[in-house]
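Colleague: Could you take me closely through the surroundings of the ligand, and then through the helix packing that goes with the same chain? I would like one connected account rather than a list.

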Amino acid sequence: MNQPREHWGSNMGFILAATGSAIGLGNLWKFPFITWQNNGGAFVLLYLMCIAAVGLPIMMAELLIGRKTQKSAVGALKEAIGPLWGWVGAWGVMAGFIILSYYSVVAGWSLFYFVKTVGWSVGGFPAGLQTGDLFAEIVGNGGLQSLLSALFMAATVGIVYFGIHGGIERVARIFLPVLFAILLLLLVSALSMDGAGAALTFIFRPNFSELEPGSVLEALGHSFFTLSLGMGAMITYGSYVARGRSIVSAAGTIVLLDTLIALFATIIMFSVIFSVPGMDEQVNKSAAGMLFISLPQLFYEVVPFGAILGPLFYVLVALAALTSTISLLEVVVSYFIDEHKMARPKATLLSGGSIFVFTILSALSFGSVPGLSNFEIFEGKPGVFATLDHFASNWALPLGGLLITLGAGWFMTRQATETELVDETTPRWFNYGAWRFFMRFVAPVAVAAILVAVIFFGVDFS
Ligand code: TRP
């Protein structure tokens with residue numbers, strides 16, 4: 001059963017879908033928090049350098065491998081680089097499987113908070129409510145957790161089922177503009193708050209004496225996660241790009257938008273937090289804390305138009321997560337379609353269903369089932385959820401990224417990559433020689449440094 005390969009309906013549709021994959025919980029949930037943990041300014045600058053020096057060239061490499069071969073991760077890496085690289089693709093498919101399984105649990109929380117905040121906007125924020133207790137109650141409620149993530153997974157499956165053009169691209173075209181609009185509204189509101197000045201200083205004034213050694217690695221590891229690199233997602237999206245369109249400008253746009261959104265989200269959150277005296281002391285010491293414990297209450301106490309912006313904020317989180325979960329699922333689904341000649345509907349239901357089994361294990365690992373919540377494979381990361389997240393960001397993505405980088409830089413010929421990247425559509429700012437230098441030297445050394453740090457020094461940057 002060899003159907004012709006599907007393609008994106010337009011270049012804009014492709015860029016929006018890939019940007020949607022990149023923008024997700026990484027931007028809204030993880031980045032502001034790690035910026036906080038690493039004392040702002042200098043860390044942000046480092047992160048920007050990692051994005052430009054490592055993220056951007058690898059984004060181009062993944063897209064070019066996909067477009068060149070017109071195959072998803074496993075087949076593409078085999079054909080473009082060599083038979084052994086099929087295993088790198090398989091590693092990526094596994095990473096997609098794992099990330100999607102726990103990612104949809106957090107995505108499910110955004111649905112809950114949307115419903116809650118709508119209720120508070122209508123009925124008023126309950127006096128004396130402890131948002132920390134509320135959060136603990138939800139994550140400890142196994143039934144509710146499973147229901148929320150099931151809803152999210154069903155939405156993801158429902159979109160991927162309809163394919164590239166009819167499903168993923170259509171949704172991205174509608175959701176991404178909505179997402180940008182909500183974010184801009186929130187940004188304007190946040191910038192009008194008292195804490196905005198302090199927030200901007202915190203984020204943009206580098207103070208290198210506050211930087212800790214682990215921060216470099218954390219910045220690098222996060223650049224992979226936030227750009228959906230290192231696991232073949234961008235290879236897969238690139239494989240639906242028709243020839244004759246520049247992947248260089250596409251990569252530039254995706255990386256730029258992802259970075260802007262991460263910075264906007266950070267400005268918004270810190271403007272709110274710095275507007276409340278003493279709040280910075282209290283911010284809960286976890287990413288979940290910022291998004292689901294501190295913010296819900298602050299919307300009603302300090303944010304101008306918070307009763308409207310609060311629910312909208314959780315719509316934003318849900319939309320950002322959904323455009324990422326569909327691309328995670330697509331990596332797995334396209335593997336079954338391309339390598340096992342399965343029809344899309346069957347591949348989608350099969351992948352979605354089996355991933356959901358692991359989602360349930362994650363969903364129940366916040367205390368509701370002790371056996372799933374307490375075991376520790378990685379020190380300080382108890383339970384299924386934390387274990388999977390740690391494994392994916394600290395091992396799976398950096399290792400996959402390193403192998404893809406080495407493959408594209410050292411095992412593909414200059415001619416093979418140059419003909420993909422340089423043609424009449426290539427923008428003027430692009431320099432092929434520089435790209436090749438970054439791929440062969442800068443990116444592999446930087447990524448190898450992460451892995452060495454994890455292995456020998458146990459640095460944790462999840
Ligand atoms: N980039 C997504 C985010 O920032 C997370 C992610 C990592 C991802 N790898 C991916 C999404 C692969 C889609 C495909 O939230």
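Modeller: The ligand is surrounded by 15 residues, and the closest of these are Ala 22, Gly 26, Tyr 103, Phe 225 and Ser 327. This is a predicted model, and the distances that follow should be read as computed from it. Tyr 103, one of those closest residues, also makes a polar contact, since an N or O atom in the side chain of Tyr 103 is 2.4 Å from an oxygen atom of the ligand. An oxygen atom of the ligand is likewise found 3.4 Å from an N or O atom in the side chain of Asn 27, while a nitrogen atom of the ligand has a polar side-chain atom of Ser 228 at 3.1 Å.

Two of these polar contacts lead on to helices. Asn 27, with its 3.4 Å contact, falls within the range of helix 2 (residues 25-37), whose axis comes within 8 Å of that of helix 3 (residues 41-69) and crosses it at roughly 130°. Helix 2 is therefore oblique to helix 3, and the crossing of the two is right-handed. On the helix 2 side the residues in contact are Phe 31, Ile 34 and Thr 35, and they meet Phe 43, Val 44 and Tyr 47 of helix 3; sorted by class, this contact has 5 nonpolar residues, 1 polar residue and no charged ones.

Tyr 103, with its 2.4 Å contact, falls within helix 5 (residues 86-123), which packs against helix 7 (residues 142-160) at an angle of about 100°, the axes being 8 Å apart. The two helices are therefore roughly perpendicular to each other. Helix 5 brings a run of residues to this contact, including Ser 104, Val 105, Trp 109 and Phe 112, and among those they meet in helix 7 are Leu 144, Gln 145, Leu 148 and Phe 152. By class, the contact of helix 5 with helix 7 has 11 nonpolar and 5 polar residues, and no charged residues.

Technical notes. Residues are numbered from 1 along each chain as its sequence is written. This is a predicted model: local features need pLDDT of at least 70, side-chain atom pairs count only at pLDDT 80 or more; totals for chains, interfaces and linings use all residues. Side-chain values use heavy atoms; hydrogens and water are left out. Axes are lines fitted to C-alpha atoms, for helices over the stretch in contact, and angles run from 0 to 180 degrees between N-to-C directions. Helices (H or I, at least four residues) and strands (E, at least two) are DSSP runs, numbered from the N terminus. Angles under 35 degrees count as roughly parallel, over 145 as roughly antiparallel, 65 to 115 as roughly perpendicular and the rest as oblique. A crossing is left-handed if the near helix is turned anticlockwise from the far one by less than a right angle, and right-handed if clockwise. Contact means heavy atoms within 4.5 Å. Ala, Val, Leu, Ile, Met, Phe, Trp, Tyr, Cys and Pro count as nonpolar, Asp, Glu, Lys and Arg as charged, and the others, Gly among them, as polar. A residue is near a molecule or strand if one of its heavy atoms lies within 4 Å of it. A polar contact is a pair of N or O atoms within 3.5 Å; within protein, one must be able to donate a hydrogen and the other to accept it, and residues adjacent in sequence count only if both atoms are side-chain atoms.
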